[in-house]
Every structure is written in C-alpha cells, then in structure tokens.
Amino acid sequence: MRIIIDAMGGDRAPEEIVKGVAIATKKYDHDIVLVGNKPVIEDLLKEYEADTSKIEIVHTETVITMEDDPICVVRSKKDSSMSVGLNLLKTDGDAFVSAGNTGALHAGSSLIIRSVKGVQRSGIATILPFAKPILMMDCGANVNVTSNYLDQWAVMGSIYMKNVHGIETPTVGLLNNGTEEHKGTQIQIDAYKLLKDNANISFAGNIEGKELPFGPCDVIVTDGFTGNVTLKLLEGMGAFVFSALKDMFTQNAMTKLSFVAMKKQLKGFKKTFDASEYGGAPLLGLQKPVIKAHGSSDARAITNAINQAAKFVKTGVIDEIAAAMSVPKEADKE
C-alpha cells in the first residue's frame, strides 16, 4: 500500500509529521511517500531512526499556510506539498494524509481527485471521541449546504461506520435545535423529510447538541459551520474538564492520594476524549481516500492517521458509496 503524506502541512510540521511517519514505519508495513523539503525531511528521519527502506521523498519547498486562500492549491501554489501530494494520489497512490489548511485540502481534493459520480458534495467526517464514537459530517468543509447534501452524507456516513467501525446498522441523527420534526431552518425541515424517507439508512430523528456525549446515534449530519463549531466546543470542553480535574486532585495531600488511587481510571477517561486516537477525518465522497489530520496533530496522531488511511483503503468504502450513488441526481443550486 502506498500512502502519501503532506510533510509540511500543519501547525507542528514537519517535525511531528516526520516523527509520526518514523513510528509508523516500525508499526506498519506500508510504503510511505513524504512530500516536502527533502534535506529537512532526511535530517528528521535520521534523528527519529525511521526505517527509510519504506520511505520515498518527493521534494518541494512550497508550503500552503493556514492563512492561504483555499483555491491556491490549484492556482498560485500548484508546487506545494499538498498539491503535489494530491496529484501523486491521483496517478500513483492509495491514500493521502495532510494536517494542513482544511479549505485548501477540500478544494484541492474536489478539483484534483474529484468526487464519486453522483455525489453532490464531499465532506469532512470526524469521529467525536466519546465512549460511543459518533461520526459527524460535515465538520468544516461546507458552510452552505442543501437538504440533499445532508441526505447523501447520511448514506456515506452509514457506509463508513459499517465498514470501518463494524456497526451493522448505523443509526443516523440530524443535528438540530430541538427534537420535533418541524424544528430548525427550512434546510433542516426538508432534510428531516428526506432522511425519514431514505430506505438506505436507519434514521433516529433530530438530535440536540446536549445529547451527543450520550451516544444517541452512530452518525450525525449537519452543515460544516455548525459541525466545526460543535467540534471545537467539544475539544475546548474536554480541555476544561481535565484542567478542572487537575486542580481538584492537586489541592492537598489527601486529593493527591486520591489521584494515585484513580490514576488508571482517569487515564481511561482522558482517552475517551482524545481525538488523536483516530488520527484524522476522512473526506467522504471522493474517488480516493483523503484523510484530514488535525492542524495541531502530534506524532501519535499522525501515526494513527496513517493506520486509519490504510484501513479506509482496505474496507471498500468508496466502492460501496459509488454503488449507493449510482443513480446521479441533478445538483441543487445554492
């Protein structure tokens, strides 16, 4: 399997990206292509004692920053690590992983890799790291959506959870400001009707944000703006909870003893909220696997993203999505 990595994309690139690759070469038997500044990457691979027999480096010095316009990936920065990586995926690769600019990755993937026939819009599908994992789609790629997008994402998300997470009949919820059928904007109201009538999914109805931590469904669909805000709120709340717990357990000698007694349980609790366990979010609806790793991904998250990409390739998710979308619908006008 040939997995292509954007070595220069992300807040902690290239050090944590290359370190994650070095770990992956010791854990997995994948061929890795690192795209980025070759001299810098070579020095880091040596420092992290990577198995270089599994690694190829494609040199480029141009980097897409988090502030760049998304469309630059196919215009002014066609020689960037992200653009070169996506073109390598198109011609000779099995999966692509990047922690870089989300908008650029989605735009580049849509224009270079392209969507599966019949898919109106690909989207970012992120696992919400609760005790019961929930796949949320979209998480930032599509701010403006139609009810048909949400309907298609429900199908694609169900296929992903069935094939990758082994859930035989995933349930789907529509993120909304109330559980009643008439709640939400016209888009949510129309989407509810489509989802309710969709024989290819198991629809659980409208889901309020407060219910998400308790696992009300396996897939939750929403627009990219709401999804991204929800995701970042959950990340912030997780950090706040652990900070508060740390303060509680370091108040005095008695609380410190309590911490020692509960250390194992607290580690397990923290792991429940750790998004790096999954490594990244697949862009569902594309013709080839693209994984968006978190912008602040550390080496462990990158290693897990590589493993996730490999699993994605093996499951046949894209072929099943293509079969489900085999009757193309006329794209809605936004």
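**Entry 1: helix H4**

I started with what packs over H4: the cover on its buried residues includes helix H3 (81–92), strand S4 (95–98), strand S5 (123–128), strand S10 (280–284) and strand S11 (290–293). Note to self: this is a predicted model.

Which residues of H4 are buried? I get Ala104, Leu105, His106, Ala107, Gly108, Ser109, Ile112 and Ile113.

Then I checked the length of H4, residues 102–113. Twelve residues at 1.5 Å a residue should span 16 Å, and the end C-alpha atoms sit 15 Å apart, which agrees.

I looked at both ends too. At the N-terminal end, Asn101 is the cap, with a side-chain oxygen 3.0 Å from the backbone nitrogen of Gly103. After H4 comes Arg114, and its phi is positive, near 75°.

**Entry 2: nonpolar cores**

Next I went through the cores. The largest nonpolar core has 59 residues, and Ile5 and Leu34 are the ones touching the most other members. H5 supplies the largest share of this core, with nine residues.

I also noted a second, separate core of 33 residues, with Val35, Leu88, Ile113 and Ile134 among its members. I had already met Ile113 as one of the buried residues of H4.

What does Ile5 touch, leaving aside neighbours within four places in sequence? My list reads Ile17, Val21, Ile32, Val33, Leu34, Val35, Phe96, Val97 and Ile306. Val35, which I had listed in the second core, is thus also a contact of Ile5. For context, nonpolar side chains in soluble globular proteins tend to be buried together.

**Entry 3: Ala24**

Ile306 came up again when I moved to Ala24. Leaving aside neighbours within four places in sequence, Ala24 contacts Thr303 and Ile306. Ala24 sits in helix H1 (residues 15–27). With a relative accessible area of 4%, Ala24 is buried.

I also took a C-alpha distance here: Ala24 and Asn307 are 283 residues apart along the chain, yet their C-alpha atoms are separated by 7.9 Å.

**Entry 4: aromatic pairs**

I counted ring pairs with centres within 6.5 Å. By this rule I have three aromatic pairs. I wrote up two of them, Tyr149 with Trp153 and Tyr192 with Phe203.

For Tyr149 and Trp153, the ring centres are 6.0 Å apart and the planes make 40°, so I call the pair tilted. Why about one helical turn between Tyr149 and Trp153? Because they are four residues apart in helix H5 (residues 147–165). Both Tyr149 and Trp153 are buried.

For Tyr192 and Phe203, the centres are 5.1 Å apart and the planes are at 75°, so this one goes down as edge-to-face. This pair links distant parts of the chain: Tyr192 belongs to helix H6 (residues 186–197) and Phe203 to strand S8 (residues 202–207), eleven residues apart.

Buried or partly exposed, I asked of Tyr192 and Phe203? Tyr192 is buried at 12% relative accessible area, whereas Phe203 is partly exposed at 21%.

**Entry 5: cysteines**

Last, I looked for disulfides and found zero in the structure. How far is Cys139 from the nearest cysteine sulfur? That sulfur belongs to Cys217 and is 12 Å away, and Cys139 is in no disulfide.

I checked burial as well. Cys139 is buried, with a relative accessible area of 4%. Cys72 counts as buried too, at 6% relative accessibility.

How values were computed. Residues numbered from 1 in each chain as written. Predicted model: local features only at pLDDT ≥ 70, side-chain atom pairs only at ≥ 80, totals over all residues. Heavy atoms only, no water. Phe/Tyr/Trp six-rings, centres within 6.5 Å; stacked < 30°, edge-to-face > 60°. Helix = DSSP H or I, 4+ residues; strand = E, 2+ residues; numbered from the N terminus. Buried < 20%, exposed > 50% of the residue type's maximum accessible area, 1.4 Å probe, protein only. Core = buried A, V, L, I, M, F, W, Y, C linked by side-chain atoms within 4.5 Å. Contact = heavy atoms within 4.5 Å. Disulfide = S-S within 2.5 Å. Expected span 1.5 Å × (residues − 1). Polar contact = N/O pair within 3.5 Å; in protein donor to acceptor, adjacent residues only side chain to side chain.
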